[in-house]
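Visitor: Could you walk me through this protein model, taking its charged pairs and its interior in turn?

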Amino acid sequence: FHWKLHETDPLKKLSDVTLEWLEEIPKRTSSTNDSNDVLHFDVDNEPYIKIMFVSYSNIEEYKSKVRPLIKEWLKLNVDNKILKPIWYIVYFDDQSKKIDNVDKFTNAFKTSLFSKLKIDFNNYVLEDTSDRCFRIKSHYNVFEEKVESWNLLMMNIRTGLIESINTRLNFYTNEQFHNKDKRIILCYKDNVAKIYSAIGQIEYALKCYDELLTFARVNYESLKIKNEFHIEDLNEKTNKEEIQSNESINNERFKDHTHEINFLLNDNLSFLDLFSHIYYQQIELLLSLNNNNNNQANSDSSASTKSIIEGIKRLKIFINQFPTLPEAYEKSCQIIDQFLDQPILKKALLNPPLQHDINNNISEDHLGSLYEHIAELNLLKRNQVIKLGSVYGLRCILNFEDIEFSTEEDKQKLINKNYKIKSKELKSILENQEVFNEYIYLATQKIIDQFSKTKYRPQAI
């Protein structure tokens with residue numbers, strides 16, 4: 001089905017939305033629901049629609065048992081919520097309880113039972129004119145009646161889903177302009193990105209995370225985020241064996257941490273936490289976009305290549321947020337290796353996409369563009385290794401990037417042989433000047449070879 005946020009917006013097809021149905025047993029309780037606090041609202045898990053199924057055979061049962069339960073359910077799930085979900089009540093009409101010789105009377109009686117439900121709850125919210133109560137029979141004698149009943153229910157569920165999506169998006173978008181607390185605005189922006197991601201609008205979600213990053217940079221001081229870098233804040237288990245076994249680019253320790261509802265409100269939130277959150281969310285989105293392209297019939301393989309290139313661009317932005325510390329140099333090398341070892345990237349290099357124009361001529365060199373970005377990523381790693389080498393007093397005469405020192409004293413401060421490298425690969429590279437020079441030579445040769453495969457850089461090389 002289709003969706004749009006505003007009347008003037010173009011229609012967007014919601015084709016990749018995964019609907020998950022969760023059974024919930026209502027209980028009589030007067031406890032306060034924490035979801036009333038919009039700052040701790042679980043956007044990832046809070047249902048967009050709530051449906052209550054009820055069944056009863058007489059008015060007394062309805063009045064004594066069913067109606068009080070419905071009222072309590074609405075109190076907890078609608079009345080006490082700032083962000084109210086769309087809700088429906090479905091009356092299950094058990095046709096097996098019919099009596100054949102009074103069939104007409106029984107049908108009329110059951111219709112009155114359903115009418116009582118509609119009278120009590122269809123106008124539960126005065127300004128709401130939508131139908132909230134529906135009737136489904138266990139058996140239909142007329143097929144057309146069955147189709148009509150189910151179509152009516154499903155049509156309202158689709159409409160309700162769109163209404164619920166727009167309610168959340170409008171709330172978090174509008175509240176950003178009314179709230180002066182920058183940290184809260186940060187949370188709202190993150191929630192908007194999560195909602196777009198949940199409904200399969202990957203491009204919107206990516207744009208939201210880009211805006212989130214810009215917002216964090218502009219509001220550095222007022223956000224009161226710690227400017228610290230602890231390598232333990234990232235995945236401590238990153239190694240080549242684990243990387244090669246993973247189909248997706250992720251960081252389990254970090255992802256577990258960021259799934260806390262109030263993660264961005266944490267007093268100990270650091271810029272590394274925030275930038276890591278944005279980067280890993282964007283990478284997951286790009287990978288999902290890649291998988292969607294691969295799963296579609298007659299899919300354009302160039303779209304998958306473009307998503308990989310977008311991932312490389314965001315990886316470079318992420319690493320550029322790291323401070324000038326040896327542990328940051330080491331971690332950036334590991335993350336680059338993690339990306340370059342992905343099966344989807346290797347697949348793209350083995351099966352290069354070709355895009356043709358209307359005359360069936362190749363119009364764009366996607367493989368060359370991919371090689372260019374991979375070369376830039378390897379160049380970034382090479383420069384990080386050189387910086388790490390400078391910590392141990394190792395020097396490189398073939399340096400493509402200046403390592404600036406304002407004074408000789410600053411230069412000596414950076415040389416810190418007490419820092420213990422954790423990566424076995426980097427330990428071997430930095431063993432001595434000779435091994436270090438050999439790595440730089442081979443890395444440079446590899447980068448030049450990759451740049452030479454694109455039509456954009458050979459002359460520069």
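What follows is a conversation about salt bridges, nonpolar cores and a charged patch.

Guide: Please keep in mind that this is a predicted model, in which local features need pLDDT of at least 70 and side-chain atom pairs count only at pLDDT 80 or more, while totals for chains, interfaces and linings use all residues. Residues are numbered from 1 along each chain as its sequence is written, and side-chain values use heavy atoms, with hydrogens and water left out.

Visitor: How many salt bridges does the count come to?
Guide: Side chains of opposite charge can pair when their charged atoms come close. A salt bridge here is a side-chain nitrogen of Lys or Arg within 4 Å of a carboxyl oxygen of Asp or Glu. By this rule, the number of salt bridges is 12.

Visitor: Aspartate 93 and arginine 135 meet in a salt bridge, so how many residues apart in sequence are the parts that the pair ties together?
Guide: In this salt bridge the N to O distance is 2.5 Å. Aspartate 93 counts as buried at 0% relative accessibility, where buried means under 20% relative accessible area, exposed over 50% and partly exposed in between, with a 1.4 Å probe and protein chains only. Aspartate 93 belongs to strand 4 (residues 86-93) and arginine 135 to strand 5 (residues 133-137), strands (E, at least two residues) and helices (H or I, at least four) being DSSP runs numbered from the N terminus, so the parts tied together are separated in sequence by 42 residues.

Visitor: Is lysine 194, which meets aspartate 190 in a salt bridge, buried or exposed?
Guide: The two side chains meet at 3.5 Å, N to O, and because they are 4 residues apart in helix 4 (residues 182-198), about one helical turn separates them. Aspartate 190 has 3% relative accessibility and counts as buried. At 15% relative accessibility, lysine 194 also counts as buried.

Visitor: Which helix gives the most residues to the largest nonpolar core?
Guide: A nonpolar core is a set of buried Ala, Val, Leu, Ile, Met, Phe, Trp, Tyr and Cys residues joined through side-chain atoms within 4.5 Å. The largest has 73 residues, and Leu315 and Phe339 have the most contacts inside it. With 11 residues, the one that gives the most to this core is helix 9 (residues 271-295).

Visitor: Is lysine 424 buried or exposed?
Guide: Lysine 424 is found in helix 15 (residues 424-429). Because its relative accessibility is 74%, lysine 424 counts as exposed.
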